[in-house]
Amino acid sequence: MKRPLLKISNLETGYDNLKVLHGIDMSVQEGALIAIIGPNGSGKSTAVKSVFGLTTHFKGKIRFQNKDLSKYKTHEIVRQGVAYVPQGRLVFDSLSVEENLDIGGYNLETETKKERKQRIFKLFPILKEKRKHQAGFLSGGQQQMLSIGRALMQEPKLLLLDEPSLGLDPKTQQLIFKTIKDINKAGTTVMMVEQNARQALKICSKAYIIEQGRIAAVGGPSLAKQKKVKELYLGG
Ligand SMILES: Nc1ncnc2c1ncn2[C@@H]1O[C@H](COP(=O)(O)OP(=O)(O)OP(=O)(O)O)[C@@H](O)[C@H]1O
Ligand SMILES: [Mg+2]
């Protein structure tokens with residue numbers, strides 16, 4: 001089997017003195033769409049934040065290509081080809097849609113920036129339509145698209161998404177899931193934390209269940225058929 005793009009081994013991370021993850025292992029092949037599910041407060045966000053250098057590192061490795069990201073600062077991790085969309089779809093409210101995208105591509109040449117914006121507008125036509133609008137006036141779903149679009153400005157190899165469907169109506173959730181699948185199909189490896197376990201299990205190539213800072217289960221979409229998973233995460 002090919003060497004994974006990302007391999008997390010025996011990772012222990014947290015915040016200051018608080019240890020949240022107690023030795024997790026994850027293996028992400030290039031082109032995979034990984035879902036991370038689990039109860040509130042179990043360490044799902046901490047797992048993706050750790051890959052992006054936003055936690056306190058106690059132990060373990062985060063090997064991405066040939067680098068150990070656990071030794072890197074966030075801006076260096078970005079340069080390695082990792083992008084992160086935080087929980088809560090953060091956009092710059094008072095800036096326009098286009099300016100938000102420009103910030104995502106702050107380090108790019110003008111021509112490249114233009115090209116990438118065109119690609120994002122193709123993925124999210126509504127953002128093109130609203131490119132001069134202030135981001136603060138967009139709907140929740142449109143802000144989520146903008147957050148994802150901003151991350152895509154870097155054309156990352158690995159896209160980390162934290163709860164992309166949270167707080168959106170079912171129709172918009174479907175649209176977001178479809179887009180995530182499209183982004184993945186176009187070649188970006190995706191690692192996504194999702195409270196909508198049913199949808200996440202449907203679209204992923206592999207899922208991890210994190211409970212109390214440990215991997216409780218790992219498997220493909222067929223995890224959804226397991227009795228315990230059904231009871232705990234899929235409403236019976
Ligand atoms: N910045 C922080 N500083 C201190 N503790 C934190 C911080 N962020 C999270 N925690 C704690 O770490 C633990 C795991 O949090 P985390 O955000 O990873 O959970 P989660 O699985 O993403 O939960 P949710 O489903 O609610 O988003 C929780 O006990 C939380 O209170
Ligand atoms: Mg979270």
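Reader: What makes strand β4 (residues 33–37) and strand β9 (residues 189–193) a pair, and in which sense do they run?

Author: They are joined over four bridges, in the parallel sense. Two strands count as paired if DSSP finds at least two bridges between them, so β4 and β9 qualify with four. One facing couple is L33 and V190, the latter in β9. Strands are DSSP runs of E with at least two residues, helices are runs of H or I with at least four, and both are numbered from the N terminus. This is a predicted model, in which local features need pLDDT of at least 70 and side-chain atom pairs count only at pLDDT 80 or more, while totals for chains, interfaces and linings use all residues. Residues are numbered from 1 along each chain as its sequence is written, chains are lettered from A and ligands numbered from 1 in the order in which they are written, and side-chain values use heavy atoms, leaving out hydrogens and water.

Reader: Which strands are the edge strands of the open sheet, and what makes them edges?

Author: Reading across the six strands gives β7-β8-β9-β4-β10-β11, with mixed pairing. β7 and β11 (214–219) are the edges, each pairing on one side only. On average, neighbouring strands here are turned by 15 degrees against each other, direction ignored. For such angles, axes are lines fitted to C-alpha atoms (for helices, over the stretch in contact), and the full scale is 0 to 180 degrees between N-to-C directions.

Reader: How do you know whether the reach of helix α6 (residues 140–152) is close to what is expected?

Author: The expected span is 1.5 Å times one less than the number of residues. Helix α6 has 13 residues, and its reach of 18 Å from first C-alpha to last is close to the expected 18 Å. As for placement, α6 lies across β7 and β8, at about 165 degrees to β7.

Reader: Why is α6 called largely enclosed?

Author: Because twelve of its 13 residues are buried. Buried means under 20% relative accessible area, exposed means over 50%, and partly exposed is in between (1.4 Å probe, protein chains only). The buried residues of α6 include M145, L146, I148 and L152. They pack against several elements, among them β7 (82–85), α3 (97–104) and α7 (170–185).

Reader: What makes a set of residues the largest nonpolar core here, and which have the most contacts inside it?

Author: A nonpolar core is a set of buried Ala, Val, Leu, Ile, Met, Phe, Trp, Tyr and Cys residues joined through side-chain atoms within 4.5 Å. The largest has 42 residues, with L127, L146, L159, L161, I180 and M192 having the most contacts inside it. Its largest share, five residues, comes from α6. A separate second core of 28 residues includes L11, V20, I34 and L160. L11 also has a strand role, as the bridge partner of I24 in β3.

Reader: Why is L138 called buried, and what does it touch?

Author: L138 has 8% relative accessibility, so it counts as buried. This residue sits in the loop between α5 and α6. Contact means heavy atoms within 4.5 Å, and beyond residues up to four places away in sequence L138 touches V97, K130, Q143 and L146.

Reader: How do you know which atoms are protein donors of the magnesium ion (ligand 2)?

Author: Donors are N, O and S atoms within 2.8 Å of the metal (3.2 Å for Na, K and Ca), and sites may look incomplete because water is not among the atoms. S45 (OG) and Q87 (OE1) lie 2.0 to 2.5 Å from the ion, so they meet the cut-off. S45 belongs to helix α1 (residues 44–51), while Q87 is in the loop between β7 and α3, 42 residues apart.

Reader: Are those two residues, S45 and Q87, buried or partly exposed?

Author: S45 has a relative accessible area of 18%, so it is buried, whereas Q87, at 38%, counts as partly exposed. The helix around S45 is mostly covered, with seven of the eight residues of α1 buried.

Reader: What is the phi of D16, and why is D16 called exposed?

Author: Its phi is about 50 degrees, a positive value although D16 is not a glycine. Most residues other than glycine have a negative phi. D16 lies in the loop between β1 and β2 (18–19), and at 63% relative accessibility it counts as exposed. E155 also has a positive phi, near 45 degrees, and its 37% accessibility makes it partly exposed.
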